[in-house]
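Me: I'm new to reading protein structures. Could you go through this one with me, question by question?

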Amino acid sequence: MGRMTWFVVLSCMMASMGGVIFGYDIGISAFGRKPSILLGGAAFLAGAALGGAAINVYMLIFGRVLLGVGVGFANQSVPLYLSEMAPPRYRGAINNGFQFSVGIGVLSANLINYGTERIRGGWGWRISLSMAAVPAAILSLGALFLPETAHSLIQRTDDTERAKLMLQRVRGTEDVEAELNDLIQANSTSKTNEHPLKNIIRRKYRPQLVMAIAIPFFEICFLHKKIKIF
């Protein structure tokens, strides 16, 4: 059994910087969550179709590029959408559903790969790539019916009345003034924040910063280096 080496630690720390750029992208982005989800699903759907039907390496590479674009948009917009749509007291639980869905996707992909690698003729990989179109199609079609979040409406349009109506709709109550005021104040504060990097390394934000780096770090170590934690 291999041991944890400094080479592994440094490699994983460097790779886990992907979590930092992911968080930074979330922090600076102001395009709508719904269009981002729709674009991500559409790009992933196109990439799956192109990869499954590839007749040369160029089609395969371009398909993988589109898959990467789709994953990028989905990873940026879906957790943000879930957090903004969920009631504050259930926000953590609902957002954890995204991580749970990632696990389902990994498990599904491995089961499909396990079955397709036994197909004679060497064309099983086409099925593996094409099957990615199933969740992508569900996401793309579902995104057409998703409402924008109140926070996104305030951030992009400053239309507080429309945001209030959306909050009342998703919360199922007329009493949303407190949450609406919090959203308006948060939006105003974000516009006046001149030194976001200085703020994020302040002591009161340190636990969140550590977790934002530690989670992708240990995920990468576990998935790519096959480290057995237990």
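Reply: Sure, one definition before we start: an axis is a line fitted to C-alpha atoms, for helices over the stretch in contact, and angles run from 0 to 180 degrees between N-to-C directions. This is a predicted model, where local features need pLDDT of at least 70, side-chain atom pairs count only at pLDDT 80 or more, and totals for chains, interfaces and linings use all residues. Residues are numbered from 1 along each chain as its sequence is written, and side-chain values use heavy atoms, leaving out hydrogens and water.

Me: How many helices and strands does the protein chain have?
Reply: Helices (H or I, at least four residues) and strands (E, at least two) are DSSP runs, numbered from the N terminus. From that end, the elements run α-α-α-α-α-α-α-α-α-α-α-α. The count is 12 helices and 0 strands.

Me: How are helix 3 and helix 7 oriented to each other?
Reply: The axes of helix 3 (residues 33-52) and helix 7 (residues 133-143) come within 8 Å and cross at roughly 150°. Angles under 35 degrees count as roughly parallel, over 145 as roughly antiparallel, 65 to 115 as roughly perpendicular and the rest as oblique. Helix 3 and helix 7 are therefore roughly antiparallel.

Me: Which residues of helix 7 does helix 3 meet?
Reply: Contact means heavy atoms within 4.5 Å. From helix 3, the residues involved include Ile37, Leu38, Phe44 and Leu45. Their partners in helix 7 are Ala133, Ala136, Ala137, Leu139, Ser140 and Ala143.

Me: And helix 9 with helix 10: how do they lie to each other?
Reply: Here the axes of helix 9 (residues 160-171) and helix 10 (residues 177-192) come within 10 Å and cross at roughly 130°. Helix 9 and helix 10 are therefore oblique.

Me: Which elements give two or more residues to the largest nonpolar core?
Reply: A nonpolar core is a set of buried (under 20% relative accessible area, 1.4 Å probe, protein chains only) Ala, Val, Leu, Ile, Met, Phe, Trp, Tyr and Cys residues joined through side-chain atoms within 4.5 Å. The largest has 9 residues, among them Ala150, Leu153, Met166 and Leu180. The elements are helix 8 (150-157), helix 9 and helix 10.

Me: Which residues does methionine 166 touch, beyond those up to four places away in sequence?
Reply: Met166 belongs to that largest core. Leaving out residues up to four places away in sequence, methionine 166 touches Pro147, Glu148, Thr149, Ala150 and Leu153.

Terms used:
Buried means under 20% relative accessible area, exposed over 50%, partly exposed in between (1.4 Å probe, protein chains only).
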